[in-house]
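Trainee: Could you take me through the spot where the ligand sits, slowly and in detail? I'd like to know what touches what, and how that spot fits into the rest of the protein.

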Amino acid sequence: MAKRSTTFVCQACGAVHARWQGKCEACGEWNSIVEEVTEAGTAPVASGGARLKKGRVIQLEGLAGTPMDAPRLPSRIAELDRVTGGGFVKGSVILLGGEPGIGKSTLLIQAAAAIARNGARVVYISGEESAGQVRLRAQRLGLGDAPVELAAETHVEDILTTLSAGAAPRLVIIDSIQTMWTDAVEAAPGTVTQVRAAAQGLIRFAKGTGAAIILVGHVTKDGQIAGPRVVEHMVDAVMSFEGDAAHHFRILRAVKNRFGATDEIGVFEMAGDGLREVPNPSALFLGARDASVSGTAVFAGMEGTRPMLVEIQALVTPTALGTPRRAVVGWDQNRLAMVLAVLEARGGVRLGQHDVYMNVAGGFRILEPAADLAVAAALVSSLADTPIPPEMALFGEISLSGLVRPVPQAAPRLKEAVKLGFSEAMIPEGSVETGKQAGLRLRPIQRIADVVAEVAGGAPRQRVRDR
Ligand code: TYD
Ligand code: MG
């Protein structure tokens, strides 16, 4: 008889503890530890007495000459294929994370339909909705005629039986991994142990049959993929579907990808008839811009291979409190603190008595340090109440010494700006040659003090320093 053992597992990070405690010492989370019972015989640890078996080995160079490019299953939804690196790789497992209601199921039923229409066997397993509900949604999205197999199922062994019947599926969607459970372990569905064991079973199926599997994982408010976080290292790719409830566009980002780049993004818009691709996101992000007010700057950014222009908004106001507020949406809080410190120390701009609010328009999130210059310009513009010329685009990285440094890929950034009707650019001195080729009027910047002089140039210097 299999021996039962009781362990205490943190549901946030998967750490195993000997006894229950209020706080997980591994990740610092409170109230995340749950008692889980496992059958010792089925626990995924190698037992000492196991029979040794010789593994199969293949030669890396033996396959030279034959194309080793991973066979992919493209969805022909360009924004999705860009993020996966050209389609789902045969036998790979992808974890798609996102907050509940963001549109994961919608995206996947659209992808499933597109691939099934190309003739591949696609199975969509829902653990959250009935098969009828999934079909209704698909019909509403105009996908009712796509030959996708739908099933409402949460038991992994049953799912594997379903999948093994008939031709091997090319794509399997599991919506969501949190609802799945397997006989292999005795823990309750949704616990780390169950999620991990269920994922293991599905991953083994993918590797064995060559089916690509997408696991949906809901994330919690603070951005953690609850439970599924512990499967991140087991899967081949982790994608996150982001956006905020107040805006309709959604961004698909690769967080980890064994078969492609991780800096590409896909942009979609949630409409009445499902997710629509947004081939030109700059136009969308700059759409409703009021360029005549102070405190806004257009950052010429890059997302992977794609240039993207976004508006950065800053508001600098005298503080009513002892400690001034610094609030930022869409950018790194620490990066803002750094730009503020450099503005103060190297640019002579006093901000200690001011609240600072910064926002990236449209709910977009910027990860690049190349946005430093645009942020600094927006801050100075707000403080001096002097608008930045509306036809100006900016980029540049600011170092702690106050130097403004060139950033990679200046040419595509400037080309995109020209395409969208911008005629001027504030860029690092080092990018001037590229700027000339693009045919833009240039305002080269060497140090942060130049930014202050350029932006607040019209305003009396006193105002910038002492307001
Ligand atoms: P859904 O794909 O169910 O989200 P998830 O699987 O990530 O939980 O999307 C749910 C939201 O999307 C819902 O609040 C309504 C919205 N939506 C539309 O606006 N248009 C549509 O065509 C669909 C299907 C959903
Ligand atoms: Mg869903």
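Mentor: Let's start with the backbone of I102: one of its polar atoms is 3.4 Å from an oxygen atom of ligand 1. Keep in mind that this is a predicted model. Two other backbone contacts go with that one. At G274, a backbone N or O atom lies 2.8 Å from an oxygen atom of ligand 1. At A271, a polar backbone atom is 2.8 Å from a nitrogen atom of the ligand. As for how much of the ligand gets covered, it has 550 Å² of accessible area on its own, and the protein covers 72% of that.

Now widen the view to the whole shell. It holds 16 residues, and the closest are G101, K104, S105, T106 and G274. So you'll meet G274 twice, once among the closest residues and once through its backbone contact with a ligand oxygen. Sorted by class, the shell is a mix of five nonpolar, six polar and five charged residues.

Where do those residues come from? Three elements each supply at least two of them: helix α2 (104–117), helix α3 (131–140) and strand β13 (265–271). The largest share belongs to α2, with three residues.

Follow β13 a little further, as it takes you to another feature. A search of the whole structure turns up one aromatic pair. Its partners are F241 and F268, set edge-to-face, with 6.1 Å from centre to centre and 75° between the planes. F268 sits in β13, while F241 belongs to strand β11 (residues 237–242), so the pair links distant parts of the chain, 27 residues apart. Both F241 and F268 are buried. In other words, β13 supplies residues to the ligand shell and also holds one ring of that pair.

Finally, step back to the protein around all this. Its secondary structure comes to 12 helices and 23 strands. There are 467 residues, and 50% of them count as buried. If you take the contacts with a separation of 6 or more, 67% are between residues 24 or more positions apart. On the outside, the accessible surface is about 21600 Å², with 54% of it belonging to carbon and sulfur atoms.

Terms used:
Residues numbered from 1 in each chain as written. Chains lettered and ligands numbered in written order. Predicted model: local features only at pLDDT ≥ 70, side-chain atom pairs only at ≥ 80, totals over all residues. Heavy atoms only, no water. Near = heavy atom within 4 Å. Polar contact = N/O pair within 3.5 Å; in protein donor to acceptor, adjacent residues only side chain to side chain. Areas by Shrake-Rupley, 256 points an atom, 1.4 Å probe, with all protein chains shown as cover. Helix = DSSP H or I, 4+ residues; strand = E, 2+ residues; numbered from the N terminus. Nonpolar A, V, L, I, M, F, W, Y, C, P; charged D, E, K, R; others polar. Buried < 20%, exposed > 50% of the residue type's maximum accessible area, 1.4 Å probe, protein only. Contact = heavy atoms within 4.5 Å. Phe/Tyr/Trp six-rings, centres within 6.5 Å; stacked < 30°, edge-to-face > 60°.
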